[in-house]
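Have the viewer ready, with selection by residue number at hand. We will go through this model one stop at a time.

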Amino acid sequence: MTAGDARGSRTRTALITGGTGGMGRAIAAKLAADGFDVAVAYTGSVDLADAAVKEITGQGRRGAAFAADVADEEAVSALFDAVQDRFGHLDAVVHTAGINRPAALTDLDLADFDEIHRVNVRGTFVVNQQAARRVRDGGSIVN
């Protein structure tokens, strides 16, 4: 899921977690419009991932999609490895991956609460830890 040619280290590269839906997809498109090559991380639909990459490459940028569970340390490390292998470097990480299970407190299932905590809290820590280790000097990490 990539297009374009190698552009060297002067090109900025961003990774967007949750990059196939809502806010993440809009940010991916905006960064591509601003001249970034963009990788999107997703857990859902391959079709949505392909559409996000098509939107990025349609703006003349390189794009790629990678499936990854943001709360899994090994999966996130592999995600960052894959992005660096594909693009050579990383200048920005925008972490938008998250889940919600709308329910009244009295009705929220404890298993749902545990999954929300796992993805939204642990996932934020795991992604940010890798981002802090790998984003080039002068880069950005946004949550």
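Before selecting anything, one cut-off will help: a residue is called buried under 20% relative accessible area and exposed over 50%, with partly exposed in between. Keep in mind, too, that this is a predicted model.

**Stop 1: the whole chain.** Show the cartoon and colour by secondary structure. You should find four helices and five strands. Trace them from the N terminus and the order reads β-α-β-α-β-α-β-α-β. Along the principal axes, the C-alpha atoms fill a box of roughly 55 × 30 × 20 Å. The radius of gyration is 15 Å, which agrees with the value near 15 Å for a compact globule of 143 residues. Among contacts with a separation of 6 or more, 70% join residues 24 or more positions apart.

**Stop 2: the surface.** Switch on the accessible surface, about 7,400 Å² in total, with 51% of that belonging to carbon and sulfur atoms. Now colour by charge: there are 15 positive and 19 negative side chains, and the centres of these two sets lie 10 Å apart. Of the 143 residues, 40% count as buried, and the next stop turns to some of them.

**Stop 3: the largest nonpolar core.** Select Leu15, Leu79, Phe80, Val83, Leu90 and Val93, the residues with the most contacts inside this core of 20 residues. Next, highlight β2 (37–42), β3 (63–67), α3 (73–87) and α4 (110–134), the elements that each give two or more residues to it. Which element makes the largest contribution to this core? That is α3, with five residues.

Then centre on leucine 15. Beyond its neighbours within four places in sequence, leucine 15 is in contact with Leu79, Phe80 and Val83, with Leu90, Ala92, Val93 and Val94, and with Ala39 and Ala41.

**Stop 4: a second core.** Give a new colour to Ile16, Ile56, Ala65 and Val94, which are among the 16 residues of a second, separate core.

**Stop 5: proline 102.** Finally, move to the loop between β4 (92–95) and α4, where proline 102 sits. Is proline 102 buried or exposed? Its relative accessibility is 73%, so proline 102 counts as exposed. To end the tour, draw a C-alpha to C-alpha distance from proline 102 to glutamate 73: the two are 29 residues apart in sequence and 27 Å apart in space.

Technical notes. Residues are numbered from 1 along each chain as its sequence is written. This is a predicted model: local features need pLDDT of at least 70, side-chain atom pairs count only at pLDDT 80 or more; totals for chains, interfaces and linings use all residues. Side-chain values use heavy atoms; hydrogens and water are left out. The radius of gyration is taken over C-alpha atoms; the globule rule is 2.2 Å times the number of residues to the power 0.38. Buried means under 20% relative accessible area, exposed over 50%, partly exposed in between (1.4 Å probe, protein chains only). Contact means heavy atoms within 4.5 Å. Accessible areas come from the Shrake-Rupley method with a 1.4 Å probe; for residues, only the protein chains shown count as cover. Lys and Arg count as positive and Asp and Glu as negative; His and the chain ends are not counted. The place of a charge is taken as NZ of Lys, CZ of Arg, CG of Asp or CD of Glu. A nonpolar core is a set of buried Ala, Val, Leu, Ile, Met, Phe, Trp, Tyr and Cys residues joined through side-chain atoms within 4.5 Å.
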